[in-house]
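Hello,

Here is the structure I promised to pass on. My notes follow below it.

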Amino acid sequence: MSSVAPVDLPTGEGKDDSSFAEAARDTKSGRIKRRLTSPWATIAAIAIAIVWTIPTFGLLISSFRPAELIQTTGWWTIFQNPGFTLDNYRDVLFSPSQSAPQLGAYFVNSLAIAIPATIFPLVFACMAAYAFAWIKFRGANVLFILVFALQIVPLQMALVPLLQFFSSWLRPLQAGLHNLIPIIPEQNYLPVWIAHTIFALPLAIFLLHNFIHEIPGDVIEAARVDGASHSQIFFRIVLPLAIPAIASFAIFQFLWVWNDLLVALIFSGGTQDVAPLTQRLAELVGSRGQDWQRLTAGAFVSLVVPLIVFFSLQRFFVRGLLAGSTKG
Amino acid sequence: MTTADLLGKILQVVMGLAVFAAIVGLLVFFIDRAPKKGRDYWQLVGFLAPAIILLAIGLIWPAIRTTGLAFLDNSGNFSWDNFIWMFTQPAAIRTLINTVVWVLLVPTLATALGLAYAIFIDKSRGERYYKALVFMPMAISFVGAGIIWRFVYEYRAGEREQIGLLNAIVTALGGEPVQWLQTDPLNTFLLIVVMIWIQTGFAMVVLSAAIKGIPAEQIEAAQLDGTNSWQRFTNVTVPGIRSSLVVVLTTISIATLKVFDIVRTMTAGNFNTSVVANEMYTQAFRASEVGRGSALAVILFLLVLPIVIYNVNVLRKQREIR
């Protein structure tokens with residue numbers, strides 16, 4: 001995937017970070033280099049790492065402290081003012097009271113939005129990428145560059161007309177279907193799914209195309225000679241070979257959708273039935289900006305999934321990021 | 001949330017996925033059984049149509065329409081009012097100025113910090129862990145980051161103990177606590193800090209990969225020539241990672257221009273902290289001033305345009321080489 005970004009970007013792939021460092025350490029010049037490394041650089045690095053981590057760390061500590069303690073003492077005085085509790089989490093997740101944040105429902109919404117909104121654009125983008133890479137047609141280049149250029153059109157340009165489109169076509173259509181077949185819900189995730197799918201397509205097509213394009217032509221040719229159709233080549237050869245690219249983009253897209261606020265604010269309607277965590281949290285900040293016991297616990301509930309994804313799939317995430325570093 | 005609600009939501013997702021699978025299945029069927037005459041053409045249409053149709057109704061047509069809306073007044077006549085408003089009202093001008101400050105500071109500082117950090121930790125023991133710590137904010141939502149930093153900037157009046165880290169430091173050093181987020185123009189810079197906090201990890205990871213791509217011989221040759229580490233940095237490292245620097249700067253610039261969530265969560269654009277993207281939302285969806293919102297979106301597009309053109313040019317050259 002080294003040629004994946006428009007500007008030539010050495011991704012450092014194939015050179016595993018740690019083994020690279022070890023190799024450098026083992027050679028003589030590596031040893032000398034290490035001795036020459038300034039201690040000041042190390043100190044600066046540690047200082048930056050601490051400054052970068054402390055805000056999140058403070059939030060985590062606070063989320064486990066009782067409300068009175070959060071409100072009256074700093075979290076760094078945890079040893080002078082000890083006290084741990086899970087009440088904050090119980091309150092934000094499960095409390096049935098109407099005034100409680102009831103994040104449990106929104107957490108489910110976030111998942112219900114993010115999973116399809118990851119799958120839909122990936123499938124369509126794979127198909128389009130395959131067409132751009134392996135079906136010859138006139139104007140392919142121009143069309144491809146147009147798709148690439150679209151990726152940097154700000155979302156803000158699309159919001160108003162898209163919302164009008166949804167309310168004048170999609171909603172009535174859905175309501176009509178609901179009257180015919182009651183199992184089809186009137187109010188659901190569909191607009192958010194569609195919006196995320198559209199906004200993800202340009203980048204997804206671009207990245208997957210670059211990867212699919214690299215598949216050796218001989219493989220595809222051989223399949224064609226054997227009489228395989230386009231859809232057979234697509235499902236049997238291209239998709240399996242493109243798994244690494246698909247995986248890294250899937251993680252990227254999942255995190256992007258999970259963390260999104262703007263699209264959700266505009267297309268979800270903001271009710272407990274549809275709105276994701278981010279929207280509920282933003283609302284809480286606006287209405288209860290001083291309830292730190294709820295805000296800290298709530299923020300951590302929303303961070304848990306991205307952090308799990310981040311720490312367990314960091315390699316893929318980094319790769320997707322390096323490949324997608326032109327995403328706007 | 002009741003169990004019935006949960007089941008209903010699961011059902012919705014399953015149904016959504018099933019309908020989607022049916023659509024894709026139909027398409028594949030169509031691709032396989034396309035009429036003999038012009039088969040290649042129909043197959044191409046089958047593969048491309050979903051993406052192209054979605055992009056046309058979801059991005060191209062809306063972008064054109066938004067541009068149109070920007071030039072309409074409330075009664076639907078052509079006018080320059082929205083743009084005149086933007087460049088004459090003090091509040092709107094302030095929004096534009098803030099956006100310029102954001103886009104000047106965030107990319108440069110985040111890139112500089114990311115580069116410095118990448119070099120400091122390069123080949124050090126535990127490099128992976130160092131990287132993970134600074135990179136972690138990338139995975140956090142802007143809303144989450146907003147809450148984290150609101151907590152750092154929290155203010156307590158009078159003699160009460162400060163629970164916000166920043167005010168605690170200030171009072172420990174003998175200063176008076178400050179209402180950080182209400183103090184203009186300081187608050188804009190404090191919001192910028194949050195964006196830098198998030199983006200530095202991105203710059204660091206990309207630049208670190210680029211630094212590892214510089215051939216060791218070049219560094220060693222420079223070393224033999226008796227250069228000090230600063231000279232090696234400016235003469236070998238920086239030229240070696242130039243293209244990655246450009247990628248990082250342009251990417252962060254675009255992200256910064258569109259920043260919305262941070263401002264929304266931390267101040268909601270009050271106290272003179274609004275930026276174009278946030279104001280666009282406020283005008284179009286809160287104040288029902290669709291024309292003004294559209295005009296702001298157009299300005300955003302114009303600000304991003306030079307970067308688009310630059311990237312498209314690079315891409316076109318690359319494809320010509322192929």
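In which helix of chain A is the place of A:L180? A:L180 sits in helix α8 of chain A. One caution before the rest: this is a predicted model.

**The nonpolar patch**

Helix α8 of chain A covers residues 156-180. This helix gives the most to a nonpolar surface patch, with 3 residues. The patch measures about 590 Å². On chain A, its members are A:L173, A:L177, A:L180, A:I181 and A:I183. Chain B adds B:L11.

**The interface**

How many residues of chain A are in contact with chain B? The count is 137, and they meet 113 residues of chain B. The area buried between the two chains is about 11300 Å². Carbon and sulfur atoms give 75% of that area. Helix α3 of chain A, residues 39-63, brings the largest share of the chain A side, with 16 residues. By residue class, the side of chain A that touches chain B splits into 90 nonpolar, 38 polar and 9 charged.

Between chain A and chain B, 12 residue pairs are in polar contact, both partners at pLDDT 80 or more. The salt-bridge rule finds 0 across this interface.

**Salt bridges**

Side chains of opposite charge can pair when their charged atoms come close. Over all chains, the count comes to 10 salt bridges. In chain B, B:K131 forms one with B:E127. Their closest N and O atoms are 3.7 Å apart. Both residues belong to helix α5 of chain B, residues 127-135. They are 4 residues apart there, about one turn of the helix.

**Backbone points to check in chain B**

Most residues other than glycine have a negative phi, and most peptide bonds are trans. Two places in chain B are worth a look against that background.

- The peptide bond from B:D184 to B:P185 is cis, with omega near 5°. B:P185 lies in the loop between α7 (165-172) and α8 (186-212) of chain B.
- B:A268 is not a glycine, yet has a positive phi of about 55°. Its place is the loop between α12 (261-266) and α13 (276-286) of chain B.

Best wishes

Technical notes: Residues numbered from 1 in each chain as written. Chains lettered and ligands numbered in written order. Predicted model: local features only at pLDDT ≥ 70, side-chain atom pairs only at ≥ 80, totals over all residues. Heavy atoms only, no water. Contact = heavy atoms within 4.5 Å. Buried area = accessible area lost by both parts, 1.4 Å probe. Salt bridge = Lys/Arg side-chain N within 4 Å of Asp/Glu carboxyl O. Polar contact = N/O pair within 3.5 Å; in protein donor to acceptor, adjacent residues only side chain to side chain. Helix = DSSP H or I, 4+ residues; strand = E, 2+ residues; numbered from the N terminus. Nonpolar A, V, L, I, M, F, W, Y, C, P; charged D, E, K, R; others polar. Patch = residues over 30% accessible without salt bridge, like charges linked within 9 Å, V, L, I, M, F, W, Y side chains within 5 Å. Areas by Shrake-Rupley, 256 points an atom, 1.4 Å probe, with all protein chains shown as cover.
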